[in-house]
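User: Could you take a close look at the salt bridges in this one for me? Once that part is clear, walk me through whatever else in the model catches your eye.

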Amino acid sequence: MRLLIVGGYGVFGGRIVELLESEARLTIVVAGRSAAKGAAFCTSRGAVKAKLETAAFDRDGDLSAQLKRLSPDVVIDASGPFQDYGAGAYRLVEAAIDAGVHYLDLADGSDFVAGVSAYDARAKAAGVYVLSGVSSFPVLTAAVVRVLAQDMTRVKEIVGGIAPSPFAGVGENVIRAIASYAGQPVARLGPNVKVIGRPFTQQRRYTIAPPGRTPLRNTLFSLVDVPDLRVLSELWPEAQRVWMGAGPAPEVLHRALIFCAWLVRFGLVRTLAPLAPLMHWAMNRLRWGEHRGGMFVEVKGVDAGGRARVRSWHLLAEGADGPFIPSMAAQAIVLKQLDGDAPAPGARACVRELELADYERLFAARIIYSGFRETQVADAPLYQRILGDAWSALSESVRAMHDGARLGEGVASVERGSNPFAWLAGVAMSFPPAHAETPVRVHFDVSSREEVWTRTFGAHRFRSAQYEGKGRWRRLLVERFGALEFAMALVRDGKRLRLVMRAWRAFGVPMPLWFAPRSDAYETEEGGVFRFFVEISHPLVGLIVRYRGWLKPA
């Protein structure tokens, strides 16, 4: 197959090349206004299995002549911003149809994607497919909603969002698109009516937390103009609300954008387009936080029994793998066509061509995790409510200790730090003295609000309370020792359940994580017996306490 990528050396086009360059059945033409930049990009890719070529391509030039010269089987428009294409927005679509060339794009503008359907008859007559919006919004979101709503008789609300890593790198065309629509009125389809929304003037917070993984920080999302606002409403017309957001980081820059969007909303500024270069500079220079990103989709509906259901899908991408996700839809469609499973002819928004399983096969090659959550009943065990689907993967003895056990008995060893300040910290927290081996009893006082753990090492007793985090600590387990509260992620690490520190506060005041005590804590099963390990230290004083042992429900 001969593949022409317009904008092939840009941010999204370059990632499509990287995703497909190991496919020996492809010739990839990396095209753009500068053939020299295309050649430099191809050289940087080194030895690859696909054949890479470069070509100058001007979207404002004679498209028919250029397509005839390059003779592609498929053309991918990865340039944009599609919101700025103007009166000749569909010139490349028309030229591809006339040349008998398949077409797909990564358009993120709802108006552009909706308008492609006008070419449906022409595309079918030419025997080619024209797919618009071939990106996370709406291809991946639509695939996820189909899974979440598969046994719902009525879908009431669809909400989703994407939170890119602050180190992902944002393309200039993406920023230009955001600047063009921030604060401007955009149409969203509600139940039989059009609802006017204003991107970046409507917000919600959400915690992306694939079951058993360390969740992202609680993220502020703002409404964005993406194809989902229309196409998902058309697929699920009974939905009372479809809302899609973006959660760029750092949050301080996000809030600055929100402020500017409100200036547009109130008519004090006509558009943010002139600020696009400054916005691009800031988003790619002022970066801090964790190098990880994610995505979520949540569906509220009613099942056949009339029960209200709330289900969500969570995705987490570590490091530099997240930015590839928007380009994976194009990768999947090209690979399927190579295998003889090309999309049907016609022009439409790309919402039915891929399923979640198609994505999961591609996720497996990268550090990308995903999973489902459903609202747990109020009387479910505390750890089960936080872990979601990962609960069932825990060993039997670990589940038993958190599911109805009222007393655990066993043996433990305790070590204490030698630093005088570490000793004082241990005394303040009521940690047990050092023992080579001592009987241990843990009493669990469980209520609907919290669990109080009373630990007795020999004759020494100390207690803490555990409960489910709320607000910015949602999806986290919170443990309270007097005036100190520690929010921890429950992370499944092979056979171990780790407790990973994510935040803390003293006397109700949030404290910096860099100043927090260091904790290494896990639970596991060995020989059918529940075992635990807890080590608490601090960079300034070293080890405070370390205890380990085993318990059996009594």
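Analyst: Let's pin the term down before using it: a salt bridge here is a side-chain nitrogen of Lys or Arg within 4 Å of a carboxyl oxygen of Asp or Glu. Keep in mind that this is a predicted model. Going through the whole structure with that rule turns up 42 salt bridges.

Start with the network. Asp-151, Asp-303, Arg-307, Arg-309, Arg-311 and Glu-374 are all linked in it through salt bridges. One of its members, Asp-303, is also the last residue of strand β13, which runs 292-303.

At the other end of that strand's range sits Arg-292, and it has a salt bridge of its own, with Glu-290 as the partner. Their closest N and O atoms are 3.7 Å apart, which falls within the 4 Å cut-off. The two ends of the pair differ in cover: Arg-292 counts as buried because its relative accessibility is 10%, under the 20% limit, whereas Glu-290, at 27%, is partly exposed.

Now have a look at Arg-498, which has two acidic partners. With Asp-493 it makes a salt bridge at 2.9 Å, N to O, and with Asp-520 it makes another, where the closest N and O atoms are 3.0 Å apart. What does the Asp-520 contact tie together? Arg-498 belongs to strand β23 (residues 496-506) and Asp-520 to strand β25 (residues 518-526), so the pair connects parts that are 22 residues apart in sequence. Both acids are partly exposed, Asp-493 with a relative accessible area of 39% and Asp-520 with 31%.

Just after β23, in the loop that leads to β24 (509-511), you'll find Phe-507. Its phi is near 55°, a positive value in a residue that isn't glycine. This Phe-507 is exposed, with a relative accessible area of 70%. Phe-200 also has a positive phi, about 70°, without being a glycine, and it too is a loop residue, placed between β9 (194-197) and β10 (203-206). Is Phe-200 buried or exposed? Buried, because its relative accessibility is 1%, under the 20% limit.

The backbone has a couple of cis peptide bonds to look at as well. Phe-137 and Pro-138 are joined by one, with omega about 5°, and Pro-138 is part of helix α7 (residues 136-148). Ala-249 and Pro-250 are joined by another, again with omega about 5°; this time the proline is in the loop between β12 (241-246) and α10 (251-265).

On the outside, check the nonpolar surface patch of about 590 Å², made by Val-252, Leu-275, Leu-278, Trp-281, Leu-286 and Trp-288. Leu-286 is in the loop between α11 (276-285) and β13, and at 34% relative accessibility it is partly exposed.

Inside, the count comes to one cavity of 30 Å³ or more. The largest cavity holds about 40 Å³ of space. Its lining is made up of Ala-209, Pro-210, Gly-212, Arg-213, Pro-215, Arg-373, Ile-386, Leu-387, Arg-475 and Leu-490. By type, that lining splits into six nonpolar, one polar and three charged residues.

Note on methods
Residues numbered from 1 in each chain as written. Predicted model: local features only at pLDDT ≥ 70, side-chain atom pairs only at ≥ 80, totals over all residues. Heavy atoms only, no water. Patch = residues over 30% accessible without salt bridge, like charges linked within 9 Å, V, L, I, M, F, W, Y side chains within 5 Å. Areas by Shrake-Rupley, 256 points an atom, 1.4 Å probe, with all protein chains shown as cover. Helix = DSSP H or I, 4+ residues; strand = E, 2+ residues; numbered from the N terminus. Buried < 20%, exposed > 50% of the residue type's maximum accessible area, 1.4 Å probe, protein only. 1 Å grid on protein atoms, 1.4 Å probe; cavity = no way out; pocket = protein on both sides within 12 Å on 5 of 7 lines; lining within 4 Å. Points joined across faces, edges and corners; volume = space filled by probe spheres on them. Nonpolar A, V, L, I, M, F, W, Y, C, P; charged D, E, K, R; others polar.
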